[in-house]
Amino acid sequence: MKAWQVSREWSIDAMELVEQPEPTPGSGQIVVRMRAASVNYRDLLTVEGKGGSYRLPLIPFSDGAGEIAAVGEGVTRVSIGDRVCPMFFQSWFDGRPSASSRRLALGGTRPGVLQEMMVLDAEGVSRIPSTLTFEEAATLPCAALTAWRALFEEAHIRPGDTVLVQGTGGVSIFALQLAKLAGAAVIVTSSSDDKLERAKALGADHTINYRSVADWGKAAAHWAGGGVDHIVEVGGKDTLQQSIEAARVGGTILMIGVLSGFAQQIAIPSLFGKNLHVIGLSVGSRIMFEQMASAMERNHMKPVVDRIVAFDAVPEALKLMQKGGHFGKIVVRFPSS
Ligand SMILES: NC(=O)c1ccc[n+]([C@@H]2O[C@H](COP(=O)([O-])OP(=O)(O)OC[C@H]3O[C@@H](n4cnc5c(N)ncnc54)[C@H](OP(=O)(O)O)[C@@H]3O)[C@@H](O)[C@H]2O)c1
């Protein structure tokens, strides 16, 4: 079988397509025939050596979907033929996050999904909604689950709340769709007026071009009648100050991303003065995935797939993400699909 590997150095251009023996499942394990994967900004950081202290060689990417091709001794939780997504965290099933539940992350501390046949613990997958194709389901484990957890597990949004999402990448577009599902009013920011039009078509109630409106935090607060309830903060360095401006007194900033950089100085009184809830979060548990999948199935919610590229074109897909040319998710189709 084929797999993409970062072999000798951390860079997109050093990625190699390698041949590996097909795995067989041990006791309690399964083998998943992967059909699709999707690109996350985190994969770009990982491949470039900025995402953590991982060891080479590494099979990257956390998000994918496929069908179970073989089960090992003692496996009863899932069966051959089940359509599943491998979970981002292989050891977080339920409850609040802990050091041990976050230890095993695909495409990081564990081999990722860019392999045609993937051996996993039977506990490490979840069934995918019947309403979704493999390509659509491959977008869920990191981007969608992070948006789901941010809004429903951390911010506890309610109908009528206001939500601000930054940019039109994977996490933000899922946050837009899920917030609309919950009856919230959503503000979307983007560098592109064309993308803002597409966001409106998905239900965005208000849009701001963050390139042409430098003070977009104040503009969002004004539109929301004095401050936004929940801010999905994916920009990091260049957006955090504006997010604080945008938030209402007692509002929530969901700290998720670092698109513009990792570190920023902020005035501490702006946090306690506004009584802000600043919540850091990374992805979610298997039970959260199951709840999200069920909500998507019942509401016929479809992930927004910008484009589907061939398995051979993984480096090009990463470069496309680097340029920010996408809206929603970039998906990779496996040769066997
Ligand atoms: N904590 C977690 O568990 C978790 C999970 C998933 C992702 N993340 C992080 O969240 C961030 C987003 O990930 P993603 O996969 O959704 O990324 P993505 O799909 O690559 O998003 C890229 C888009 O973000 C927007 N953007 C870029 N720089 C921006 C800035 N300075 N201000 C506002 N928007 C900006 C751009 O949208 P426009 O083109 O519309 O301007 C760009 O197209 C990344 O930092 C990622 O590492 C964290």
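1. A polar contact of 2.8 Å links the side chain of Glu154 to that of Arg149. The model in which this contact appears is a predicted one. Glu154 also has a second arginine partner: its side chain and that of Arg96 are joined by a polar contact of 3.1 Å. Glu154 belongs to helix α3, which covers residues 140-154.

2. Is Glu154 buried or exposed? Its relative accessible area is 12%, and because the limit for burial is under 20%, Glu154 counts as buried. Once neighbours within four places in sequence are set aside, the residues in contact with Glu154 are Arg96, Arg149, Leu254 and Ile279. Thr252 lies 98 residues away from Glu154 along the chain, yet the C-alpha atoms of the two are separated by 9.0 Å.

3. The loop between α3 and β8 contains His156. This residue adopts a positive phi of about 50° although it is not a glycine. With a relative accessible area of 52%, His156 is exposed. The value may be set against the cut-off for exposure, which is over 50%.

4. A comparable entry concerns His300, in the loop between α9 (286-298) and β14 (305-310). His300, likewise not a glycine, has a positive phi of about 50°. Its relative accessibility is 61%, so His300 counts as exposed.

5. A further histidine, His230, is placed in strand β11. At 4% relative accessibility, His230 counts as buried. Which side chain makes a polar contact with that of His230? The partner is Asp161, at 2.9 Å. Apart from residues up to four places away in sequence, His230 touches Ala155, Ile157, Asp161, Thr162, Val163, Leu164, Thr252 and Leu254. Asp161 is therefore listed both as a contact of His230 and as its polar partner, a polar contact being a pair of N or O atoms within 3.5 Å.

6. Helix α6 runs over residues 216-223, and its buried residues are Trp216, Gly217, Ala220 and Ala221. Viewed down the axis of α6, these buried residues fall within an arc of 140°, so they line one face of the helix. The general background is that an α-helix has 3.6 residues a turn, so residues three or four places apart point the same way. The elements against which the buried residues of α6 pack are β8 (162-166), β9 (185-190), β10 (206-209), β11 (228-233) and α7 (240-246). Just after α6, Gly225 takes a positive phi of about 80°.

7. Within helix α6, Ala220 merits separate mention. Its relative accessibility is 0%, and Ala220 accordingly counts as buried. Residues up to four places away in sequence aside, Ala220 touches Leu164, Ile187, Ile208, Val228 and Ala246. Trp4 is 216 residues from Ala220 along the chain, and the C-alpha atoms of this pair are separated by 42 Å.

8. Helix α10 comprises residues 314-323. Which of its residues are buried? They are Val314, Pro315, Ala317, Leu318, Leu320 and Met321. Among the elements that cover these buried residues are β1 (2-6), β2 (15-19), α1, β14 and β15 (329-333). Just after α10, Gly324 takes a positive phi of about 70°.

9. One peptide bond should be checked by any reader who prepares the model for calculation: the bond from Leu56 to Pro57 is cis, with omega near -10°. Pro57 is placed in the loop between α1 (41-47) and β4 (63-71).

10. The second largest pocket holds about 240 Å³ of space. Its lining is made up of 14 residues, and those that lie nearest its centre are Arg110, Pro111, Val119, Leu120 and Asp121. How does the lining divide by residue type, and how many of its residues are charged? Three are charged, two are polar and nine are nonpolar.

Notes. Residues numbered from 1 in each chain as written. Heavy atoms only, no water. Buried < 20%, exposed > 50% of the residue type's maximum accessible area, 1.4 Å probe, protein only. Helix = DSSP H or I, 4+ residues; strand = E, 2+ residues; numbered from the N terminus. Arc of directions from axis to C-beta. Contact = heavy atoms within 4.5 Å. 1 Å grid on protein atoms, 1.4 Å probe; cavity = no way out; pocket = protein on both sides within 12 Å on 5 of 7 lines; lining within 4 Å. Points joined across faces, edges and corners; volume = space filled by probe spheres on them. Nonpolar A, V, L, I, M, F, W, Y, C, P; charged D, E, K, R; others polar. Polar contact = N/O pair within 3.5 Å; in protein donor to acceptor, adjacent residues only side chain to side chain.
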